[in-house]
Every structure is written in C-alpha cells, then in structure tokens.
Amino acid sequence: MTIHEEQKKRTNEIIINSLINLAEIKPLSKISISDITKLGKINRGTFYLHYESKEDLIESLESKTLKEVNIIIDKNIKETMNINFFYNNEPYPIIRLLADYVSEHKKIFNFLLNSNTTIFFRNSIKLILEDVVTKSLINAKKSSQSSSVIPYSYALEIISSIIMSIFMKWIEGYDELTPAGVSKLIMDSLFLSPYDMLGLKK
C-alpha cells in the first residue's frame with residue numbers, strides 16, 4: 001500500500017468514526033457534513049473526495065460490511081448444521097467467525113442496526129441469516145431422514161430471529177460477553193428448549 005493509499009484509508013476511518021461517534025449523541029437526521037468534518041478535524045473538500053453526501057457514506061458503510069459478512073459465510077457455510085459441534089460444546093465455525101467480526105466492528109454494527117438509518121441493513125442481515133439457515137439445512141438433510149416438526153417458514157423465522165436478536169443485544173454493549181461467550185449462547189439457544197434455558201424442570 002502506497003503512502004497516498006494509507007493516508008486515504010486513515011482519512012476514511014476518521015470520517016466513519018466521526019459519524020458513528022456523533023450518532024451516539026444526536027439523531028442521525030441532525031448530523032451535518034460540517035459536524036463530521038469538525039469532529040474529524042478535516043475540511044469539507046476532503047470529505048467530498050471520499051463521499052458525495054452523508055447518505056452516500058452510510059450506503060458505502062452498509063455495502064462494505066455486508067460484503068465482508070458474505071465473504072465469511074461463503075468460506076465457512078459447509079461446516080454449519082453439524083450437531084457434533086454442539087455435543088462437543090463448540091460453536092459452528094461460522095458462528096464464531098461472525099462473532100469475531102462483529103466484535104471487531106461492534107460500533108459499526110451498533111450504528112447500522114440501532115441508529116435511525118434505513119432499514120436496508122437490518123433487512124439485509126436478516127436475509128443473509130435466513131440464507132445461511134436454508135443452505136445449512138439443505139446440506140444437513142442430505143445425510144438425515146428427519147422431518148420438520150413445525151412448518152419450514154416458521155422454523156426459518158425462529159432460527160434467524162434467535163441469531164439476529166442475540167447479536168443485536170450483544171452489540172448494545174450492556175454486558176461483557178466475549179465472542180466465544182456469545183457464540184456459545186447462540187448455540188445453546190438453537191439447541192436447548194426454553195425450559196432448559198430458564199433452568200426449569202419439564
């Protein structure tokens with residue numbers, strides 16, 4: 001990477017971090033380009049060398065994050081839905097890798113999922129999770145003769161919603177769960193009954 005490319009990357013990170021930090025203290029609709037450049041200590045011209053507008057910045061951040069999530073999934077989808085991981089008290093590799101990625105970019109996910117941005121990112125993540133579950137079930141059923149206890153569309157909604165809800169709760173930052181801890185929590189939530197999770201006797 002050349003010196004110019006490194007400088008461009010650092011400036012881009014400053015712009016993104018400035019937007020995210022501002023979103024923690026004021027509504028997104030109230031954040032201006034001037035606010036971003038003032039906090040980042042850059043001039044407006046520098047901002048416009050990277051983005052056409054605040055909306056362009058958000059869309060670019062969404063696109064980059066979704067692309068990286070999809071890369072992780074595409075490389076690790078084959079190992080999902082193998083129940084031996086649960087029996088060995090290990091998360092699916094794809095769950096752990098996603099948890100590691102989310103942990104590394106927690107503030108970005110918190111901004112894109114919980115601030116007043118478009119619902120595009122949240123819906124896209126939900127669709128990605130549903131796709132993961134669908135592909136994983138197809139692979140799992142190749143070696144299994146089991147049948148669904150509840151209608152498939154409901155099962156798909158339940159499983160993807162569980163994963164989504166746990167990640168969203170985690171990125172709020174109200175606890176100190178590690179990526180390993182949240183990965184185990186997701187696995188337990190997928191395999192344990194509500195009675196087991198709540199410590200109740202059946």
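**Exercise 1. Salt bridges across the chain**

Find how many salt bridges this predicted model holds, and work out which parts of the chain the pair Lys 107 and Glu 24 ties together.

*Solution.*
Step 1. Begin with the count: the structure holds eight salt bridges.
Step 2. Recall the general idea: side chains of opposite charge can pair when their charged atoms come close.
Step 3. Check the distance. Between the side chains of Lys 107 and Glu 24, the N to O distance is 3.7 Å, and a salt bridge needs these atoms within 4 Å.
Step 4. Place the two partners. Lys 107 belongs to helix H7 (residues 106-114), while Glu 24 sits in the loop between helix H1 (3-23) and helix H2 (33-40), so this salt bridge ties together parts that are 83 residues apart in sequence.
Step 5. Look at exposure. Lys 107 has a relative accessibility of 45%, so it counts as partly exposed. Glu 24, at 52%, is exposed, because the cut-off for exposed is over 50%.

**Exercise 2. Another pair to classify**

Decide whether Lys 26 and Asp 35 are buried, partly exposed or exposed.

*Solution.*
Step 1. Find the link: the side chains of Lys 26 and Asp 35 form a salt bridge, at 3.1 Å from N to O.
Step 2. Take Lys 26. Its relative accessible area is 27%, so it is partly exposed.
Step 3. Take Asp 35. Its value is 22%, which again means partly exposed, since buried requires under 20%.

**Exercise 3. A network between two helices**

Starting from the salt bridge of Glu 157 with Lys 126, find which residues are linked in a network and describe where they lie.

*Solution.*
Step 1. In this salt bridge, the closest N and O atoms of Glu 157 and Lys 126 are 3.0 Å apart.
Step 2. Glu 157 is in helix H9 and Lys 126 in helix H8, so the pair ties together parts that are 31 residues apart in sequence.
Step 3. Now add Glu 130: the network of salt bridges links Lys 126, Glu 130 and Glu 157. Glu 130 is located in helix H8.
Step 4. Compare the classes. Lys 126 counts as buried at 18% relative accessibility, and Glu 130 is buried with 18% as well. Glu 157, by contrast, is partly exposed at 37%.
Step 5. Check what surrounds Glu 130. Setting aside neighbours within four places in sequence, Glu 130 is in contact with Leu 156, Glu 157 and Ser 160. Leu 156 and Ser 160 are among the buried residues of H9.

**Exercise 4. Testing the length of two helices**

Use the rise of 1.5 Å a residue to check the spans of H1 and H9, then see what is buried in each.

*Solution.*
Step 1. H1 has 21 residues and should span 30 Å; its end C-alpha atoms are 30 Å apart, so the two values agree.
Step 2. H9 has 20 residues. From its first C-alpha to its last it reaches 29 Å, close to the expected 28 Å.
Step 3. The buried residues of H1 include Thr 11, Ile 15, Ser 18 and Leu 22. Their cover includes H2, helix H3 (44-50), helix H4 (54-76) and H7.
Step 4. In H9, the buried residues include Ile 163, Phe 167 and Trp 170.
Step 5. Follow the chain onward: just after H9, Gly 173 has a positive phi of about 85°.

**Exercise 5. Around Asn 76 and Leu 97**

Trace the contacts of Asn 76 and Leu 97.

*Solution.*
Step 1. Asn 76 is in helix H4, and at 19% relative accessibility it counts as buried.
Step 2. A polar atom of the Asn 76 side chain lies 2.7 Å from the backbone oxygen of Ile 72.
Step 3. Beyond four places in sequence, Asn 76 is in contact with Ile 94 and Leu 97.
Step 4. Leu 97 is in helix H6 (residues 93-104) and is partly exposed at 35%. With residues up to four places away left out, Leu 97 touches Ile 72 and Asn 76.
Step 5. Finally, the C-alpha atoms of Leu 97 and Ser 183 are separated by 9.0 Å, although these residues are 86 apart along the chain.

**Exercise 6. A nonpolar patch**

Find which residues make the nonpolar surface patch, and place Ile 150.

*Solution.*
Step 1. Val 149, Ile 150, Tyr 154 and Ile 158 make a patch of about 450 Å².
Step 2. Ile 150 is in the loop between helix H8 (120-141) and helix H9 (152-171).
Step 3. With 37% relative accessibility, Ile 150 counts as partly exposed.

Key: Residues numbered from 1 in each chain as written. Predicted model: local features only at pLDDT ≥ 70, side-chain atom pairs only at ≥ 80, totals over all residues. Heavy atoms only, no water. Patch = residues over 30% accessible without salt bridge, like charges linked within 9 Å, V, L, I, M, F, W, Y side chains within 5 Å. Areas by Shrake-Rupley, 256 points an atom, 1.4 Å probe, with all protein chains shown as cover. Helix = DSSP H or I, 4+ residues; strand = E, 2+ residues; numbered from the N terminus. Buried < 20%, exposed > 50% of the residue type's maximum accessible area, 1.4 Å probe, protein only. Expected span 1.5 Å × (residues − 1). Contact = heavy atoms within 4.5 Å. Polar contact = N/O pair within 3.5 Å; in protein donor to acceptor, adjacent residues only side chain to side chain.
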